[in-house]
Structures are given as C-alpha cells and as structure tokens.
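Dear colleague,

Please find below the structure that I am handing over to you, with its sequence. My findings follow directly after it.

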Amino acid sequence: MGREETARNANPRKATILALGKAFPHQLVMQEFLVDGYFKNTNCDDPELKLKLTRLCKSTTVKTRYVVMSEEILKKYPELAVEGLPTVKQRLDICNIAVTEMAIEASQSCIKKWGRPISDITHLVYVSSSEVRLPGGDLYLAKGLGLRPETNRTMIYFAGCSGGVAGLRVAKDIAENNPGSRVLLATSETTIIGFKPPSTQRPYDLVGVALFGDGAGAMIIGSTPLPNLERPLFELHTAIQHFIPNTEKIIDGRLTEEGISFKLERELPQIIEDNIEGFCVKLMGFAHYTEKDYNKMFWAVHPGGPAILNRLEKKLELLPEKLNASRRALADYGNASSNTIVYVLEYMLEEAKREELRQNEWGLILAFGPGITLEGILARNLTL
C-alpha cells in the first residue's frame, strides 16, 4: 500500500484505466474569430456586449474549440438564434443525435487502443448533460457500438463539469466489485442545448460562449490487467466525493422551453479555493502523503476556467508545470464539461512519454461541478 508499491505493477485489487479515446464534431472554432461569427449568426449588433465578449475570449485562454453548431443548423433552425422562442424540442432533436455520434466515435477509438474484442465489455457507464430522452443515450450508444444486450448499463445525467470524474468513480466501483469485468466509460457533450443569442439581461451567458466546447471522451476501466494483452495507464486507488453545503445556487442550471439556462456566480473560484485544500489532503492521506507533498504529485485537474486553475495553483503553491496538461486541454478544447478530464489525462501521458518534465508516480484526478460538488481520485501513473 502507498509509496512502497512500484510503478508499472498494478495492484490487482484496484481498478485501472486501460485505454483512452476522444472524438469531436467537425466544426473547429478559432477563438479570435468567435466574436464576429457569434454576433453575425445571432443577428445582434450590440457594441457593449461585443466588447465584453471580446475581453472574455482573451481572458479564458482558450485558443480553439470544436462545436456541433454550424451555419447549416442555424439555417434549418433559425429560431435557435431568436430570443424567447420555445425551442427545447429542436435542440434535443439535434443534441440527441450529435452526442450519440460523438460517443460512438470516441468509444471506438478507445476500444481500438485497448486491443480486445468489443464483446469483452461487460458494463457501460454513460455521462452527459446535453440530452434528455427515454430510453437514454446509454442504450443508443450500446446499440450503435454493437454491445451485447446483456451489457450492464449505468447513466449519469446532468452532473456538469464533474461528470467525467464521477463516471470514473462509478466505473472504478463496478470494476473492483465484478471480477473480470471491463467497463466502458463514455462522456459526450454539446453546447447546443444552451445556445442563446446575446442579451443585456443575461450578461453571464457570454462566459459560456467564450469558454465551453463540444466533444466526447471514453475510457476502458478494469482490474487485474491481462499480461501481454492490456497495458494499464493509471491505477485508481481511492475515490471520494464531497458537496459544499449551501452552494447549490452557485452553479445553477435549469431545463426550460428555450433549452438549458446556466448561471455561474462570481464566487465559484473563491469557494473552490476555500475548500480544495482539505479535500486534497484527505485524498492524499490514503497514500501517506501530506500537504507538504503537493509538488511530489501529478495534478490532473478539470479546467473549469483559468481562474479556478490559477487559484488552485496559488492556494496549494504548486509549481507552474503541475497544471500544464489542464491548461493545454483548456486552450485546445475549451471547457468541454465532463469530457475534459479525458483530454487532460491524454496530455499527461504525452508529457510523460516525451519526458519533458520530471513525472510523479502518484497524483490526483480532480473535477468540480454543480452542488458545488468536488470529485477526486487518488491515482498512480503506471506508464513511468
């Protein structure tokens, strides 16, 4: 247990991530062109709002994003760019198809890297905050992939930005309690569910316009990796969750006739800063680390935004390179909600492979979402 375990040797009692995959819609948005395109597509010419969005686009540190929204969609559904019209049906018609297509593509990429037959998948955990239907997206993903009908499915809806790590926690529990199981975790998100024209009544909407992106992610999780067949990437040692009392209005999302309306309060980064240290110290303690050891660990943090990363870095006195993977994922993909932790983990493995920086065996996988909910997993990098 703890530090005496050696790298590359996975603890057979613990779940491991065996493969990662990702997928994106075809529409790539360069941040420097976003403002003009957004105001043109929504037929708005408010100079004050335009200036505000321009400032936000620079401060988010996002450079590129992938989105489902396109001129073709707006031509087919012009009502999506009109204030006050009931468009939830149209949005769900688009979202339900888009998230399934992206989830299938990400899962296929992941399964190919894993290298075992798709029939060896025993469980599916599906995460999304971008669709609503019965049956849910888990069934359409299972059908689209050709999973066996007896595959056990679990669905996590509307967990927001913490959904990816929440799904990983659930997949870990499944893998460790079902010997021989292999769990496919898939996440898929699109901002079309909340796309709106700019409004002086909702200036906070512009934060989402400047920050959020679309895409999908996938992981295969299982215990006791098969020698010569599976190559474990991360061991998932301990997972915990914590909600901060009386903060449920800080990240407020509601499904309305106009789609999902989100409101993020300004206090969000401060609340996370005030609560993150105790949460991390508790998690680190399972590997006998203390608050003096922050820089002896790797940090795979969901990049909710630059302010959250900056405050976490300052509060824990992290070396600047500790959040490299999170900042790269934010710059390249924006905040893609539940998917983003997959992109962060991929960048961490890429950095370890290039040996640009000294890599640490133990680390934390973290995300923050509605609640405010903190999700954390103590993990080991098995690729070193």
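The side chains of Thr122 and His123 are joined by a polar contact of 2.7 Å. The model in which this contact appears is a predicted one. Thr122 belongs to the loop that runs between helix H4 (88–114) and strand E4 (123–128). Leaving out residues up to four places away in sequence, Thr122 touches Arg148, Thr151, Asn152, Ser181 and Arg182.

Strand E1

Strand E1 covers residues 15–23, and eight of its nine residues are buried, so the strand is largely enclosed by the rest of the structure. Which strands pair with E1? One partner is strand E7 (residues 215–223), which pairs with E1 in the antiparallel sense over eight bridges. Within that pairing, Ser223 of E7 is the bridge partner of Ala15. Strand E8 (residues 234–243) also pairs with E1 in the antiparallel sense, here over three bridges. In E8, the residue opposite Ile17 is Phe234. As a general point, the side chains of a regular strand alternate between the two faces of the sheet.

Helix H11 and its links to other elements

Helix H11 spans residues 340–354 and includes Leu349. Is Leu349 buried or exposed? With a relative accessible area of 15%, Leu349 is below the 20% limit and is therefore buried. Not counting residues up to four places away in sequence, Leu349 touches Leu20, Leu233, Phe234, Asn381 and Thr383. Of these contacts, Leu233 lies 116 residues from Leu349 in sequence, while the C-alpha atoms of the two are 8.2 Å apart in space. Phe234, also touched by Leu349, is the residue that stands opposite Ile17.

Glu346 takes part in two of the salt bridges described here. In general, side chains of opposite charge can pair when their charged atoms come close. The side chain of Glu346 meets that of Lys22 in a salt bridge of 2.6 Å, N to O. This pair links distant parts of the chain, with Glu346 in helix H11 and Lys22 in strand E1, 324 residues apart. Glu346 has 17% relative accessibility and so counts as buried, whereas Lys22, with a relative accessible area of 28%, is partly exposed.

Glu346 also forms a salt bridge with Lys113, where the closest N and O atoms are 3.3 Å apart. Because Glu346 lies in helix H11 and Lys113 in helix H4, this pair ties together parts that are 233 residues apart in sequence.

Further salt bridges

How many salt bridges does a search of the whole structure find? The search finds 23. One further example is formed by Glu273 and Arg311, with the closest N and O atoms 2.7 Å apart. That pair likewise links distant parts of the chain: Glu273 is in helix H8 (residues 268–284) and Arg311 is in helix H9 (residues 306–315), 38 residues apart. Glu273 is buried, with a relative accessible area of 17%, while Arg311 counts as partly exposed at 30% relative accessibility. In addition, Arg116, Asp120, Arg182 and Glu230 are joined into one network by salt bridges that share partners. Arg182 in this network is also one of the residues that Thr122 touches.

A surface patch and a loop residue

Leu28, Met30 and Phe33 form a nonpolar patch on the surface, and together they have about 300 Å² of accessible area. Leu28 lies in strand E2 (residues 27–30) and counts as partly exposed, at 43% relative accessibility.

Where is Phe212 placed? Phe212 is in the loop between helix H7 (205–211) and strand E7. With a relative accessible area of 23%, Phe212 is partly exposed. Apart from its neighbours within four places in sequence, Phe212 is in contact with Arg65, Thr191, Leu264 and Asn335. Arg153, by contrast, is 59 residues from Phe212 along the chain, and the C-alpha atoms of the two are separated by 28 Å.

Points to look at in the display

- Strand E1 between its antiparallel partners can be viewed through two pairs: Ala15 with Ser223 in E7, and Ile17 with Phe234 in E8.
- Glu346 can be viewed with its salt-bridge partners Lys22 and Lys113.
- The nonpolar surface patch can be viewed at Leu28, Met30 and Phe33.

With kind regards

Conventions
Residues are numbered from 1 along each chain as its sequence is written. This is a predicted model: local features need pLDDT of at least 70, side-chain atom pairs count only at pLDDT 80 or more; totals for chains, interfaces and linings use all residues. Side-chain values use heavy atoms; hydrogens and water are left out. Helices (H or I, at least four residues) and strands (E, at least two) are DSSP runs, numbered from the N terminus. A polar contact is a pair of N or O atoms within 3.5 Å; within protein, one must be able to donate a hydrogen and the other to accept it, and residues adjacent in sequence count only if both atoms are side-chain atoms. Contact means heavy atoms within 4.5 Å. Buried means under 20% relative accessible area, exposed over 50%, partly exposed in between (1.4 Å probe, protein chains only). Two strands pair if DSSP finds at least two bridges between them. Patches are made of residues with over 30% relative accessible area and no salt bridge: like charges are joined within 9 Å, nonpolar side chains (Val, Leu, Ile, Met, Phe, Trp, Tyr) within 5 Å. Accessible areas come from the Shrake-Rupley method with a 1.4 Å probe; for residues, only the protein chains shown count as cover. A salt bridge is a side-chain nitrogen of Lys or Arg within 4 Å of a carboxyl oxygen of Asp or Glu.
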